[in-house]
Amino acid sequence: MINEDVIKSLEFDRLLLEVSSYAHSAATVSAVMMIRPFSGRENIENRSAEVEELRCLTRQETPLALSHFEDISLMLEELRPEGAVLKGEELRDFIPVLDLIGCLSSQLSEREDLVFLEGYAEALTGFPDILRLLSRSLDAEGKVLDKASPELASLRLKTRALSSRIGRHLEELVRKEDTAIFLQDDFITRRGGRWVIPVRMDSKGQVPGVVHDVSNTGETAFVEPLAVIGMTNELEGILADEKAEVIRILRGICRKIRVSAGEIALQYTVLCHLDMISSIAAFADEMSLFVPELNTAGDISILGARHPLLMLQESKGVVDKVVPLDLNISGKDSVMVITGPNAGGKTIAIKTVGLIVLMALSGMPVPAEASSSIPIIDSLLIDIGDEQSIEASLSTFSAHISRISGIIDDAGADSLILLDELGTGTEPGQGAAIACAVLKELKDRGAVVLTTTHLSDIVGFVFKQEGMVNAAMEFDSGTHRPLYRLQSGEPGQSYAIETAERYGLPERVVRYAREMSSGMSGEFHSLLKEMKEKRQSYEKSQASLEEEKALLAEKLSKVEAGFAEVKRIKEEASRESLEEAKKLIARAKRQAYDILEEIKKEKGRGPLKKLEAMQVEVGEKLRSFADEPPLSIDDVKVGEIVYVDSLACDAKVLKVDSRRGQVLVEAGNLKAEVSAASIREGRGKKASTKAIKHSAGPVEDKFSSSLKLIGLRSDEAIVRLEHFLDEAIVRGVGEVKVVHGVGTGALIKAVRGYLDNYPLVKGYRRGEQGEGGDGVTVVKLG
């Protein structure tokens with residue numbers, strides 16, 4: 001449970017106020033301001049997924065169709081009693097609400113890629129009949145239109161006609177000379193709903209009629225002439241009928257709404273929820289926020305974090321560029337004590353962590369890298385700021401101790417605790433002792449603790465304790481300015497004197513303070529300096545190793561490139577040799593046919609000798625194409641297995657004739673004497689005694705013109721896509737379909753980015769509704 005004091009201290013309410021500026025209704029603003037951290041992982045992930053789906057719609061330039069709407073919840077309650085009637089101005093506010101519900105229902109139901117928002121499409125059915133009735137009956141100001149009913153149209157026609165007759169009659173009256181001499185002015189006006197003319201007070205008896213009013217000066221009487229009294233009475237009767245008809249129309253509309261009030265209220269709640277999620281998504285897009293990972297191990301790993309309220313001030317030019325924060329508490333370390341200069345960013349660092357945790361547990365994207373990991377906790381306990389209270393007779397120290405006592409009582413294994421300036425407000429020695437005891441107690445309870453301090457005794461205690469780690473906000477000793485970077489693993493110095501000098505403390509005071517400080521804390525500062533020098537030495541060694549690693553990687557890359565070039569040359573040579581061998585075999589076949597024709601015609605051995613000579617020539621040529629050199633005759637031993645080129649298989653050596661360069665071999669049932677030049681290392685290829693069987697027909701080679709990449713990482717998907725497109729080009733396929741889904745949009749971006757650079761892609765488009773919509777890209781090849 002996270003109480004409201006924590007919400008206010010970490011300024012989560014101020015952050016929500018910024019988010020609510022993207023809302024479209026006062027009701028949504030209230031809903032945004034009521035956002036609080038969830039206690040379960042499922043709720044967190046569901047809201048986070050809803051936000052990301054809306055952000056995906058925005059990236060696809062199809063944002064949720066939201067616009068301004070009023071809060072109708074109170075009006076729905078007023079309508080529940082039978083016979084209750086709302087004013088036209090109030091009913092007018094239902095029109096944009098019902099219109100939005102209908103539009104959102106259509107928009108969401110058309111999408112097949114919205115997994116988490118799909119349920120809202122089913123919940124939003126819309127109220128088209130009520131919407132048509134309201135739109136036909138009311139204008140933009142909530143006035144009932146003439147076309148609301150035939151009776152109302154007739155009455156208003158009579159009203160306009162009779163009003164026109166009265167006006168013309170009065171105009172004629174004021175133009176008459178026997179009347180005009182008694183008038184104060186020649187205009188016509190109304191008093192109390194009656195038509196009147198302005199008569200001088202001293203002549204009011206000269207114009208027959210009824211006095212309805214007198215001017216503030218007492219010089220003018222507003223008289224209704226007798227000639228129009230009858231017509232005016234008739235007009236008032238028509239107006240009364242018109243008012244009754246308007247009330248009847250409004251009552252009918254209210255009756256219609258009352259019947260569906262419960263369902264309207266439910267769908268209005270869904271509308272407000274979608275607007276709230278849309279507000280979070282819009283804020284996240286504006287601030288470039290990311291969804292962090294969640295863990296139940298209590299680990300905090302925050303990379304590139306920035307305080308969101310400072311980011312807003314930065315965007316307005318109020319503050320300088322916000323320095324990102326990297327902070328990690330994981331494994332055996334559960335307590336981190338941050339030291340460093342005054343105004344160096346220590347408090348902002350723990351507030352940033354606290355605010356990011358609140359955002360993440362509320363299902364909101366955070367101002368940190370997506371690889372950041374946030375723990376799912378039960379309680380966030382803090383002591384930040386001065387809680388001094390005159391009414392409660394509490395000093396600053398007493399207030400801190402009172403707050404910390406409560407924190408200790410509530411702390412547990414699923415608690416995150418933030419403590420600012422631990423141990424201050426009292427004598428430093430005893431304050432440090434209390435602080436060390438508090439840290440030990442909280443660690444023993446299994447809580448994760450982040451605290452800031454200036455007390456060196458706490459630093460020494462943490463240095464000796466298992467599971468605790470020091471950290472420092474860095475300071476540029478050359479410029480005497482804080483760098484706002486967190487360095488874990490070593491304590492920092494307060495640099496109080498340098499900070500005091502920077503903020504204008506007189507030089508003589510600063511000089512005397514330095515003299516006093518040199519004897520009081522020299523040993524401790526010397527230790528800090530030694531640790532910093534060791535860290536810097538380590539960082540230099542690390543940098544040197546990285547340089548050597550990069551150099552080795554470069555050399556390895558060159559060697560691999562050399563191997564690749566050798567392989568390419570070898571493969572190219574093999575291809576050339578293969579082509580030449582094919583040509584040689586084709587030429588040999590032609591010559592063999594010619595020799596066979598000679599054998600048919602001649603009976604001597606001439607043609608046979610030609611055939612034998614050609615066999616030797618072809619054998620020599622083919623041997624010259626082989627990658628593997630022949631064995632030396634001196635290396636050929638009786639009884640060993642060798643590969644014989646002319647037999648195209650392995651054979652056993654029976655006899656070696658070094659003088660003649662001949663070898664007698666046995667392959668299966670065949671014995672033959674072959675040239676030593678055709679002998680190579682055995683390849684495990686036995687002689688075949690069976691005829692080669694040919695298949696009945698070609699093997700069917702199937703190829704699908706659709707490639708599914710859903711569930712793959714971008715790098716894996718691109719490798720498959722490359723092979724898929726290459727094969728499609730080779731096969732002459734003109735159009736293919738790539739199924740990647742929608743998800744976060746990262747895979748779509750990677751696929752289409754690759755297609756933009758593939759030379760044989762003519763173009764591509766998103767899939768039609770029947771092809772898979774945004775989850776599919778159709779590619780033209782050529």
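**Cavities, a pocket, a helix pair and a sheet**

Modeller: About 90 Å³ of space lies in the largest cavity. Keep in mind that this is a predicted model.

Colleague: What makes this space a cavity?

Modeller: A 1.4 Å probe fits in a cavity but cannot get out. The count of cavities of 30 Å³ or more comes to two.

Colleague: Which residues lie nearest the centre of the largest cavity?

Modeller: I401, I404, L422, G423 and T424 do, out of 14 lining residues. Helices α16 (396–410) and α17 (428–444) each supply at least two residues of that lining.

Colleague: How does the lining of the largest cavity divide by class?

Modeller: Seven residues are nonpolar, four polar and three charged. Gly counts as polar.

Colleague: What makes a pocket a pocket, then?

Modeller: A pocket is an open set of points, with protein on both sides within 12 Å along at least five of seven lines. The second largest pocket here has a volume of about 440 Å³.

Colleague: What lines the second largest pocket?

Modeller: There are 16 residues, and L310, K321, V322, V323 and Y484 lie nearest the centre. Helix α15 (residues 346–361) gives the most, with three residues. By class, the lining has 10 nonpolar, three polar and three charged residues.

Colleague: Now the helices. Why are α2 and α14 called oblique to each other?

Modeller: Look at the angle. The axes of α2 (residues 12–20) and α14 (residues 308–315) cross at roughly 50 degrees. Angles under 35 degrees count as roughly parallel, and 65 to 115 as roughly perpendicular. The value of roughly 50 degrees fits neither range, so the pair is oblique.

Colleague: How do you know that α2 and α14 meet?

Modeller: Contact means heavy atoms within 4.5 Å. R14, L15 and E18 in α2 meet P308, L309 and L312 in α14. That contact has four nonpolar, no polar and two charged residues.

Colleague: On to the sheet. What is the strand order?

Modeller: The order is β18-β17-β16-β15-β19, in an open sheet with antiparallel pairing.

Colleague: Why do β18 and β19 stand at the edges?

Modeller: Strands β18 (670–675) and β19 (679–681) each have a single partner strand, so one side of each is left without a neighbour in the sheet. From one strand to the next, the twist averages 50 degrees.

Colleague: How do you know that β15 and β16 pair?

Modeller: Pairing needs at least two bridges. Strands β15 (residues 641–644) and β16 (residues 649–657) have four, in the antiparallel sense. The count meets the cut-off, so the strands pair. In one bridge, Y643 has D650 of β16 as partner.

Methods: Residues are numbered from 1 along each chain as its sequence is written. This is a predicted model: local features need pLDDT of at least 70, side-chain atom pairs count only at pLDDT 80 or more; totals for chains, interfaces and linings use all residues. Side-chain values use heavy atoms; hydrogens and water are left out. Axes are lines fitted to C-alpha atoms, for helices over the stretch in contact, and angles run from 0 to 180 degrees between N-to-C directions. On a 1 Å grid over the protein atoms alone, a cavity is a set of points where a 1.4 Å probe fits but cannot get out, and a pocket is an open set with protein on both sides within 12 Å along at least five of seven lines; lining residues have an atom within 4 Å of a point. Grid points are joined across faces, edges and corners, and a volume is the space filled by probe spheres set on the points.
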